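Reader: I have a model open on my screen and would like to talk through how its inside is put together. Could you walk me through it?

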Amino acid sequence: MPQSFERIIILAIILLLAACSSSNSSSTPPPLNKLSKTAIFSIAGQHLHLPLVAVSRGGASNAMVLCTPATRFCSIPFDEIAKQATEPRKIVPVKALGITLESYNYYMDTRENLYIPIPELCPKLSQKWAQIACDKGAGGVFARNLRNFILVEEEYLELLQDRIQGYKENLGDIVKRMPLTIKTPTLVCNSSAGKPRYGLCISALKVGNNLVVVWVLGHSDSHKAALEQQAKTIRALVQFGFAEKEDFAALEAVLHNAHD
């Protein structure tokens, strides 16, 4: 199925669900004040400043710490992160962090199974890149269909238990065997003889000492130029977008080149 057609279908479903939500007064109001807060996460010695809407979905956070025993990841409760985000300079230590770049202007109400439009969230976000992504959607900002990625400390790669469609192993087991470098993203694709350009690919790249970024992409975005553009965008977000003092001009320059 063409990727553009898939996006039309997904958008239509979201809009339909949103329309249903507007007539359901019993749904829980989206926690706008919490979603708009910026938390400081510490991972692999780096401090990353991110709005809670970028690290959560439906009231559940994608900020991971080690469980007890330390054989898997556990998610830090969303409300706990929101509370810590109100404390000046409070650091939230994590071992892995799932970051979403799209659909900030919709809230997934898991209790009612509804998507609620929340365009009023956009001006509440403190970082310019997040405001623009909220207003325009990820497609208007980030190159080559980059919509989400995971930052994880390298020594805990094997704890990424996600199952990607078309793969028999967990995400962490796959990435752990990939030769990771700082300069060039590594790629694995699950193509078959009958459908050589169909399915999903997994890419990984080092973005710092002991810090690895992992993301999933379609075959159409797996060629060298597209892959490098996505890698540059992620590096720029980590360096300029998620910095204590956002350098939007530097980030915008990278994003502009990535779109060209």
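Author: Happy to; we will take the core, the aromatic rings, the disulfides and one helix in turn. A word first: this is a predicted model, in which local features need pLDDT of at least 70 and side-chain atom pairs count only at pLDDT 80 or more, while totals for chains, interfaces and linings use all residues. Residues are numbered from 1 along each chain as its sequence is written, and side-chain values use heavy atoms, with hydrogens and water left out.

Reader: Which helix gives the largest share of the largest nonpolar core?

Author: A nonpolar core is a set of buried Ala, Val, Leu, Ile, Met, Phe, Trp, Tyr and Cys residues joined through side-chain atoms within 4.5 Å. Buried means under 20% relative accessible area, exposed over 50% and partly exposed in between, with a 1.4 Å probe and protein chains only. The largest core has 56 residues, and Tyr104 and Trp129 are among those with the most contacts inside it. Its largest share, seven residues, comes from helix α6 (residues 224-241), where helices (H or I, at least four residues) and strands (E, at least two) are DSSP runs numbered from the N terminus.

Reader: How are the rings of tyrosine 104 and tryptophan 129 arranged?

Author: Rings of Phe, Tyr and Trp (its six-membered ring) pair if their centres lie within 6.5 Å; planes under 30 degrees apart count as stacked, over 60 as edge-to-face and the rest as tilted. Tyrosine 104 sits in the loop between β8 (96-100) and β9 (106-109) and tryptophan 129 in helix α4, 25 residues apart. Both are buried. Their ring centres are 6.4 Å apart and their planes at 65°, so the pair is edge-to-face.

Reader: Which residue in the loop between α6 and α7 pairs with tryptophan 129?

Author: Tryptophan 129 is buried, with a relative accessible area of 1%. Its partner in that loop lies 113 residues away in sequence and is also buried, at 0%. The rings are tilted, 5.5 Å centre to centre with 55° between the planes, and the partner is phenylalanine 242.

Reader: Is the disulfide of cysteine 122 and cysteine 134 right-handed or left-handed?

Author: A disulfide is a pair of cysteine sulfur atoms within 2.5 Å, and here the S to S distance is 2.0 Å. Cysteine 122 lies in the loop between β10 (114-117) and α4 (128-136) and cysteine 134 in helix α4, so the pair ties together parts 12 residues apart in sequence. Cysteine 122 is buried at 2%, and cysteine 134 is buried at 1%. The torsion about the S-S bond is about -70°, so this disulfide is left-handed.

Reader: What is the pairing of the bonded cysteines in sequence order?

Author: The whole structure holds three disulfides. Cysteine 67 bonds to cysteine 74, and cysteine 189 in strand β12 joins cysteine 201 in strand β13. Numbered in sequence order, the bonded cysteines pair as 1-2, 3-4, 5-6.

Reader: How wide is the arc of the buried residues in α3?

Author: In helix α3 (residues 78-85), Phe78, Ile81, Ala82 and Gln84 are buried. The arc is that of the directions from the helix axis to the C-beta atoms. These residues line one face of the helix, because their arc is within 165°.
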